[in-house]
Amino acid sequence: MVGLLALSKHPFPYFHSFGSLLLDPIKPSSASRFSVSSYTISHIEECCFSFSKATKFQLKPPLTHVCFRPSKWDLVQCSCISSTSSIRTDMRMLFSFFREVGLNQNETEVLLVKNSALALTSMDSIQARVFSLKSVGIDGFSLCSLITKRPTLLTAQEVGKFLSFVINDLEGKIETSQLEILFATTAPVYLVGFDQKVSLLLERGVPRESLYHVLNNVSLSKALCGRPIEDIDKTIAYLSHYGGIDLIVKRPKILNYDLERQLIPRIEFLRELAGGDEGGVGTVLSRLPAILSYSAKHMEDHVVFLRSFAGLTDEEIFKIVVVYPNVFSASRERKLHPRIELLKQCGLNSREIFRFLLKAPTFISLSYDNNIAFKLVLLVKIGYRHRTKDLTVVMRSITRTSCLNMQKVVGLFLNYGFTYEDIFAMSKKQPQILQYSHDSLEKKMEYLIEEMGRDIEELLAFPAFLGYKFDDRIKARYELKRKTMGDGMSLNKLLTVTGERFSQKRREIPVLVNEEE
């Protein structure tokens with residue numbers, strides 16, 4: 001008995017206080033104030049947790065370092081079991097609870113070894129934390145996977161405060177996938193201050209209705225949790241010269257980029273290309289915020305290529321970038337080089353290449369096999385000669401239309417009695433006719449013949465008729481002029497005069513004089 005009393009001064013105080021500590025919600029034990037080493041205590045815990053594997057505790061090698069003689073271990077073991085009956089009850093509840101969550105016995109034991117604070121946390125607290133995780137959509141396999149990988153999710157106070165903010169202040173509108181990635185990749189300590197960083201976004205101008213869009217489309221770890229609030233504020237301040245909050249709302253992923261190493265070098269490159277025109281850079285970023293995903297080196301390589309191979313100046317290059325920022329998305333080898341080479345073969349010089357790309361910049365992104373080659377074959381069939389400037393003029397006009405629509409347009413003209421030579425002649429005068437919607441063309445041609453009573457061949461002289469809006473221009477003007485001029489009016493004069501001039505002519509209605517008076 002004296003031996004047992006003596007022994008109680010070493011490891012036993014830890015066990016006597018163990019039951020009460022289990023009731024302390026998400027709070028580490030005060031056991032660290034005892035002189036027993038953490039190494040020894042961790043293995044005594046391991047001893048207590050092994051009750052589910054056997055009817056009695058078994059001596060494990062690390063416990064021999066406590067300096068007990070083997071002959072006395074049975075007495076100590078019985079005393080330990082007797083004094084920890086309440087612990088055994090709570091541990092059974094813990095194993096049962098995790099079994100309901102989806103973890104088997106072995107997985108639960110591993111979990112307890114990874115996070116010893118679990119054994120010192122009340123069941124109510126653990127259950128409440130799991131309920132909070134389920135409230136934001138983390139359940140089933142995802143829940144098991146997360147708490148196995150990050151056991152501190154169940155005990156860390158930072159996680160509890162973060163979940164409370166997400167559920168209450170953010171109304172639970174953060175996507176589950178976002179939270180799963182964050183918890184899997186971010187230590188709980190980095191969750192501190194998340195609420196302040198979200199408040200900063202609102203203070204700097206992110207609309208409340210856009211806040212969830214922003215939070216659900218950034219890397220929460222990179223953009224917010226892993227970055228000091230001062231750095232986030234500096235990023236927003238820097239972007240204020242180029243669209244600021246509007247830019248962030250359009251492309252939230254911009255917040256993922258490091259200000260000094262990524263954003264500043266990329267935007268400064270565009271500013272230099274623009275000759276210092278911040279407004280022009282802002283226009284480019286507004287049209288394609290994703291351009292900031294390209295490194296300054298990537299954009300510089302494209303500019304160098306356009307200078308050397310196409311002979312363009314920086315001013316010309318930037319003008320093309322303004323109308324079509326995706327020029328930086330096109331592969332230099334697979335897209336830029338062969339497209340510009342084709343324009344050169346058609347006889348275009350550097351200035352003409354610039355004008356072509358300014359009017360039809362998407363040409364450089366088109367697939368050759370599935371788009372350009374098909375159109376070239378059709379144009380040659382109509383009557384255009386390969387590798388000529390005339391070919392580039394019509395190619396510039398049909399860049400945006402699909403191959404199928406172009407084929408239907410040619411078929412429509414043929415059905416109305418036009419020959420390939422007629423189509424060639426009309427497209428020389430009005431190259432855009434090959435890019436108009438075939439449904440729109442058919443509607444105008446039917447109205448020209450059936451309602452206006454005109455000959456379809458009038459289109460040979462005035463193909464621009466097909467380019468005017470049907471309801472607002474063709475039909476509206478014809479019905480007004482028919483009342484005063486009859487049906488024999490010139491199509492050219494009817495449609496080409498400006499709206500102001502047409503309105504003046506409407507007021508110039510001749511006064512009929514009664515000759516009999």
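This passage walks through the fold, core, helices, salt bridges, loops and aromatic pairs of a predicted model.

The overall picture is helical: the protein contains 31 helices and 0 strands. Of its 517 residues, 45% count as buried. Among contacts with a separation of 6 or more, 71% join residues 24 or more positions apart. The surface exposed by the protein comes to about 26800 Å², and carbon and sulfur atoms supply 51% of that area.

In soluble globular proteins, nonpolar side chains tend to be buried together. Here, the largest nonpolar core has 142 residues. The residues with the most contacts inside this core are Phe98, Leu170, Phe183, Leu379, Phe413, Leu434 and Phe465. Leu170 makes a handy entry point for a look at the packing. With neighbours within four places in sequence set aside, Leu170 is in contact with Phe165, Phe194, Val198, Leu211, Tyr212 and Leu215.

Two of those partners, Phe165 and Phe194, reappear in an aromatic cluster, together with Phe162 and Phe183. In total the structure holds 12 aromatic pairs. One of them joins Phe162 and Phe183, with 5.7 Å from centre to centre and 75 degrees between the planes, an edge-to-face arrangement. Phe162 belongs to helix H10 and Phe183 to helix H11, so this pair links distant parts of the chain, 21 residues apart. Both rings sit below the 20% cut-off for burial: Phe162 counts as buried at 4% relative accessibility, and Phe183 counts as buried at 1%. A contrasting geometry is found for Phe462 and Tyr468, whose planes lie at 25 degrees with ring centres 6.5 Å apart, so this pair is stacked. Phe462 is buried too, with a relative accessible area of 11%.

Helix H27 offers a check on helix geometry. Its 13 residues, 438–450, should span 18 Å at 1.5 Å a residue, and the end C-alpha atoms are indeed 18 Å apart, which agrees. The buried residues in H27 are His438, Leu441, Lys444, Met445, Tyr447 and Leu448. An α-helix has 3.6 residues a turn, so residues three or four places apart point the same way. The list of buried positions in H27 includes Leu441, Lys444 and Leu448.

Turning to charged side chains, the count comes to 11 salt bridges. In one of them, Asp233 meets Arg204 at 2.6 Å, N to O. This pair links distant parts of the chain, 29 residues apart: Asp233 lies in helix H15 (residues 229–239), whereas Arg204 lies in the loop between helix H12 (194–203) and helix H13 (208–215). Both partners are partly exposed, Asp233 at 25% relative accessibility and Arg204 at 36%.

A second salt bridge stays within one helix. The side chains of Arg271 and Glu268 meet at 3.0 Å, N to O. Both residues lie in helix H17 (residues 259–273), 3 residues apart, about one turn of the helix. Arg271 is partly exposed, with a relative accessible area of 26%, and Glu268 counts as partly exposed at 21%.

A third salt bridge connects Lys428 with Asp390, the closest N and O atoms being 2.9 Å apart. Lys428 lies in helix H26 (residues 420–429) and Asp390 in helix H24 (residues 389–397), so the pair ties together parts that are 38 residues apart in sequence. Lys428 counts as partly exposed at 42% relative accessibility, as does Asp390 at 37%.

Some loop residues also deserve a mention. Glu171 has a phi near 60 degrees, a positive value in a residue other than glycine. Glu171 lies in the loop between helix H10 (157–169) and helix H11 (176–185), and is partly exposed, with a relative accessible area of 46%. Arg387 likewise has a positive phi near 60 degrees. Its place is the loop between helix H23 (368–382) and H24, where Arg387 is partly exposed, at 48% relative accessible area. On the other side of H24, in the loop that leads to helix H25 (403–415), comes Arg400. Arg400 is exposed, with a relative accessible area of 64%. Arg400 and Tyr436 are 36 residues apart in sequence, and their C-alpha atoms are 9.9 Å apart in space.

Note on methods
Residues numbered from 1 in each chain as written. Predicted model: local features only at pLDDT ≥ 70, side-chain atom pairs only at ≥ 80, totals over all residues. Heavy atoms only, no water. Helix = DSSP H or I, 4+ residues; strand = E, 2+ residues; numbered from the N terminus. Buried < 20%, exposed > 50% of the residue type's maximum accessible area, 1.4 Å probe, protein only. Contact = heavy atoms within 4.5 Å. Areas by Shrake-Rupley, 256 points an atom, 1.4 Å probe, with all protein chains shown as cover. Core = buried A, V, L, I, M, F, W, Y, C linked by side-chain atoms within 4.5 Å. Expected span 1.5 Å × (residues − 1). Salt bridge = Lys/Arg side-chain N within 4 Å of Asp/Glu carboxyl O. Phe/Tyr/Trp six-rings, centres within 6.5 Å; stacked < 30°, edge-to-face > 60°.
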